[in-house]
Amino acid sequence: MMKLTTAGESHGKALVAILEGIPAHLQLDMEKLQAELALRQSGFGRGGRQKIEKDRAEILTGVRNGETLGSPITLCIYNRDFANWESCMSDGACDEAVMTQKALTKVRPGHADLTGMQKFAQEDARNILERASARETAIRVAAGGIYKQYLSALGVEITGFVREVCGVKDEGEYTFDEILSKRNAETGMLNPAVSEVAKEKISVLKKAGDTAGGMVEIRVRGLKSGFGSMMTYGEKLDGRLAQGLMSIQAVKGVEVGMGFGVASVSGKDVHDEIFYDMERGYYRETNRAGGIEGGMSNGEEIVLRLAMKPIPTLMRGLRTVDMATGEAATAASERSDVCALVAIEVIAEAVVAQVLAFAVAERLGGDTMAQVVGRYKDL
Ligand SMILES: Cc1cc2nc3c(=O)[nH]c(=O)nc-3n(C[C@H](O)[C@H](O)[C@H](O)COP(=O)(O)O)c2cc1C
């Protein structure tokens, strides 16, 4: 059984993850994992924090001589910014004056601030936002790097791109290989002309003190049929992917295959008819289901889309209440991203890798990678 636990505050000492259930003898390429972390910090429209942090994951346990041991793996990313926050983020006694100065009481709409303060009986939203922050996704990307390498040993690959930035849409159809070769580093988009318009849009929003959301698409190829199960609701692969993706900060919708498009057309334009020939076995000529039927992978490419809401910290300020005084106020706006779609694409890949790795491990088990690979081949 695989299990992932993450911990860490945004301006605390470090982010950590413990991964249980990774079999022995998985060769780890740490540079691939570091590259994913760098990608998470990139993209047009990112805020000042990314200039401070240069994330590198360290392995503390579970790996020897570049190979997993089968024991729990501990990953750690130290927060460079902790040096600037130690006096008010230390686990020991903090400096009261600095704590007061860094306290956040003008709760930000679209964040966990207000509800979190009420739920956990806090007078300073910092005790909420430090954990609610999307900084947590850095360690999920690092863990995802390991799950990706586990899946890659079976020939399962994951990629994705940005489909829309705040109304600027790319309606193109792309193959898996095109996504791999065409992705623009600044916007994560594939069509160069659309990408330029998206950059202009982000610049205009930034000038206006406003922010952007959008949509990313994730694809998985090489996953054989039968992962996930219709036997129990909690085992359904589409349900598990949706849960994982919805757990990413600011994700407000997830689609599988045609997704919400199924609502407005009739059955003949939705379902993928099934064919058979001796060479190919069973196959479909369309993939509107996005590779999942009955809660199980059906062997086709998995196609997922997720919608990200616009970043909720607006430099122009949103109306709120100062919880310290009860007076009307303008929401606090610490340095902030205007657009984080390149990041959310990388995060979504990591989360999809995690969900699929768990489903593979549940079905195939295995103490060693040789066992997992052998069992996958035999399916
Ligand atoms: C990669 C990434 C970067 C983000 N950057 C910011 C940011 O700079 N400022 C901000 O206010 N929200 C940012 N967010 C969004 C908030 O983390 C998120 O909206 C908030 O935690 C509330 O969660 P919810 O939107 O899921 O309800 C970011 C989200 C992601 C995934």
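Cys166 sits in the loop that links strand S7 (157-165) to strand S8 (168-169). In this predicted model, the residue has a positive phi of about 45 degrees, even though Cys166 is not a glycine. Cys166 counts as buried because 21 C-beta neighbours fall inside 10 Å, where 20 or more are needed. Asn65 makes for a handy counterpart. Asn65 is also not a glycine and has a positive phi, of about 55 degrees, and its place is in the loop between strand S4 (63-64) and strand S5 (67-68). Here, though, there are just 6 C-beta neighbours inside 10 Å, so Asn65 counts as exposed.

Another loop residue worth a look is Gly21, found between strand S2 (14-20) and helix H1. With 18 other C-beta atoms within 10 Å, Gly21 is partly exposed. Leaving out neighbours within four places in sequence, its contacts are Met1, Met2, Lys3 and Ala361. Gly21 and Asp367 are 346 residues apart along the chain, yet their C-alpha atoms are separated by 8.5 Å.

Next comes H1 itself. The axes of helix H1 (residues 30-40) and helix H11 (residues 341-364) come within 8 Å and cross at roughly 145 degrees. On the H1 side the contact is made by Glu36, Leu39 and Arg40, and on the H11 side by Val342, Ala343, Val346 and Ile347. Sorted by class, that gives five nonpolar residues, two charged ones and no polar ones.

H11 turns up again in the interior. The largest nonpolar core has 81 residues, and those with the most contacts inside it are Ala142, Ala143, Leu304, Ala348, Val352 and Leu356. H11 gives the most to this core, with 16 residues. As for Ala348, its contacts beyond four places in sequence are Gly160, Val216, Ile218, Leu245, Ile248 and Leu306. A second core, separate from that one, has nine residues, among them Leu104, Val107, Met117 and Ile128. In soluble globular proteins, nonpolar side chains do tend to be buried together.

Helix H10 (residues 237-246) has Leu237, Asp238, Leu241, Gly244 and Leu245 as its buried residues. Looking down the axis of H10, these fall within an arc of 130 degrees, so they line one face of the helix. That fits the usual geometry: an α-helix has 3.6 residues a turn, so residues three or four places apart point the same way. The buried residues of H10 pack against H11 as well as strand S10 (251-256), strand S13 (292-293), strand S14 (296-297) and strand S15 (302-308).

H11 also matters for the count around the ligand, as it supplies the largest share of the shell, three residues. There are 21 residues around the ligand, and those that come nearest are Ala134, Gln249, Thr313, Asp337 and Ala343. By class, the shell divides into eleven nonpolar, eight polar and two charged residues. Ala343 is also one of the H11 residues in the contact with H1.

Finally, there is Lys199, in helix H9 (residues 192-207). Lys199 counts as partly exposed, because it has 19 C-beta neighbours inside 10 Å. Apart from residues up to four places away in sequence, Lys199 touches Phe44, Glu186 and Thr187. Lys54 and Lys199 lie 145 residues apart along the chain, and their C-alpha atoms are separated by 24 Å.

Technical notes:
Residues numbered from 1 in each chain as written. Predicted model: local features only at pLDDT ≥ 70, side-chain atom pairs only at ≥ 80, totals over all residues. Axes fitted to C-alpha atoms, helices over the stretch in contact; angles between N-to-C directions. Helix = DSSP H or I, 4+ residues; strand = E, 2+ residues; numbered from the N terminus. Contact = placed C-beta atoms within 7 Å. Nonpolar A, V, L, I, M, F, W, Y, C, P; charged D, E, K, R; others polar. Near = placed C-beta within 6 Å. Buried ≥ 20, exposed ≤ 12 C-beta atoms within 10 Å, placed from the backbone. Arc of directions from axis to C-beta. Core = buried A, V, L, I, M, F, W, Y, C linked by C-beta atoms within 7 Å.
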